[in-house]
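Q: Could you take a close look at the salt bridges of this protein for me, and then place them in the wider fold?

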Amino acid sequence: MTPPTALGRSRGLALSILCAMQLMIILDGTIVTVALPTIQSGLGFSQSGLSWVVNSYLIAFAGLLLLSGRLGDLIGTKKVFLSGLTIFTVASLLCGLANTSELLIAGRFLQGVGAALASAVVLGMIVGLYPEPGDQAKAMGIYSFVSAGGASVGLIAGGVITDALGWHWVFLINLPIGVVALVLGLRELAAQPGIGLGAGADAIGAVLVTVGLSLGVFTISQISENRFSGGELALYGAVAVALLGAFVWRQATAGRPLLALRIFRSREIVGANLAVVLVFAAGFGFQFLNALYLQRVLGFDSMQTGLAFLPAPVVIGTMSLFFTAKLTGRFGTRRVLLTGLLFLGGGLLLLSRAPVDGDYWVDVAPTLVIQGFGMGLTVPSVIMRAMSGAAPEDAGLASGLNNTAQQAGAAVGLAVLATLATSHSNTLLHQGRPQVEALRDGYSLAFVFAAGFVFLAWCVTFFVLRDPKEAAPAGAPAAAADTATANAHI
């Protein structure tokens, strides 16, 4: 029998390796956000086209997560995780060497493939490492802290690297992290045999959901461009909806579906993942547009933009690591989630009021602190809620679904909010408004809509998710009752 201290060290090292992949993903995302204006000028992207530096990654990520999660069940989570880690690291090198917009978008898509393979199994692996509700809450807090820490490092490093070395190096920074994580992962992660490829992976379903999502995001991003007529865009949108509908039909009729629809019998899983979509739609779109607001309206350079973002991830990390697990243990995930959403939405509304000649310390920094407080409460709580609703045999499926909800929400939210901001700004420019004012008004409108996404997530949480109906055993955290209640709905 393994001694408890050795088991603790082993689990801790395994968690560190899993979190390293999350660190790379977040680090990559925040560094790229800061570098976007430089990338735009260097490779000649339009504003809507620039979003494809992010969306090409998100589309591959979101579209392949369900297939990746299924592959984890079939061939083992360790193999899938390390394969994804390898692909992501190699793709980061390709992005760093890109000298055209097409090559960069292709490299970003490949990064999304690697991220999908690795991330699809991470949450399920964490749940497997820490099945006890109290330990699981702490592990999720550490996972969220690493995400916030990656955001902090990425924001600062993005400014420093972009100004000192150029935007190509914002991708190359992933290489040392990826190599170290791969070496340790080969040695330390426990092999978990899968059920065999003979059980099927539904490649047709993966193609339908990936192409449908890709076409849908592309259609939304082109609304503010003049490349296609309204009729053409309507046709593309209809095809995207048809493809996604065909994916649902395929899952209902296939002998071995990619996404077993039985998982949607759980009210908790449906509600929590819908909240995840809305929260990440608001959060990712805000991050993209706030970077542009700081640089194009307030005149910040890359370094200043990175430092300006810093209050939010610092607060997120502090809340996630030190407070959220304790609060969910005492009050339950639903109440903590409702509170976090109020702060997150309120911060976005306050930011929408920032003027053209705004002062960072008065108009921006306080809103970032409020949003950071809200996200620090919201993200660990909503992820725990989504995972707790799955039966043990569906842990990999639930992990893939939750990650899909995150990335699909981020991709669609970014496309909607960026397009909305661009369309409104272009309308004001045609009316004769000064460029800086038009840009600011476009960003402000998008921030209001982002707050609307958060409000919808609050409504879903309030009306769909339930308080625990089964009392936790004496001395057990209240989160245990959340888990027991959610599992009762399967």
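A: Happy to help; here is a walk through the salt bridges, followed by the pocket, two further residues and the overall fold.

A word on the ground rules: this is a predicted model, in which local features need pLDDT of at least 70, side-chain atom pairs count only at pLDDT 80 or more, and totals for chains, interfaces and linings use all residues. Residues are numbered from 1 along each chain as its sequence is written, and side-chain values use heavy atoms, with hydrogens and water left out.

A salt bridge here is a side-chain nitrogen of Lys or Arg within 4 Å of a carboxyl oxygen of Asp or Glu. By this rule the count comes to four. One of them pairs R385 with E268, with 2.8 Å between the closest N and O atoms. This pair ties together distant parts of the chain, since R385 sits in helix α14 (residues 360-388) and E268 in helix α10, 117 residues apart. Helices (H or I, at least four residues) and strands (E, at least two) are DSSP runs, numbered from the N terminus.

How covered are these two partners? R385 counts as buried at 3% relative accessibility, and E268 counts as buried at 0%. Buried means under 20% relative accessible area, exposed over 50%, and partly exposed in between (1.4 Å probe, protein chains only).

Now to the other group. D441 and R433 meet through their side chains at 2.5 Å, N to O, and R440 also bridges to D441, at 2.6 Å between the closest N and O atoms. D441 is buried, with a relative accessible area of 15%, and R440 is buried too, at 18%. R433, at 31%, is partly exposed. Through shared partners, salt bridges join R433, E437, R440 and D441 into one network.

Helix α10 turns up again at the largest pocket, where α2 (47-75), α8 (203-221), α9 (230-253), α10 (267-296) and α15 (395-430) are the elements giving two or more residues to the lining. α15 gives the most, with eight residues. The lining has 24 residues, with V277, L401, T404, A405 and A408 nearest the centre of the pocket. On a 1 Å grid over the protein atoms alone, a pocket is an open set of points where a 1.4 Å probe fits, with protein on both sides within 12 Å along at least five of seven lines; lining residues have an atom within 4 Å of a point. By class, 19 of the lining residues are nonpolar, five are polar and none is charged. Ala, Val, Leu, Ile, Met, Phe, Trp, Tyr, Cys and Pro count as nonpolar, Asp, Glu, Lys and Arg as charged, and the others, Gly among them, as polar.

Two further residues are worth finding on screen. N174 lies in helix α7 (residues 174-188) and is buried, with a relative accessible area of 0%. Leaving aside neighbours within four places in sequence, N174 is in contact (heavy atoms within 4.5 Å) with M24, L27, D28, F88, S92 and Q111. Q304, in helix α11 (residues 302-309), is partly exposed at 39% relative accessibility.

Stepping back, the protein has 17 helices and zero strands. Of its 490 residues, 59% count as buried. Among contacts with a separation of 6 or more, 83% are between residues 24 or more positions apart.
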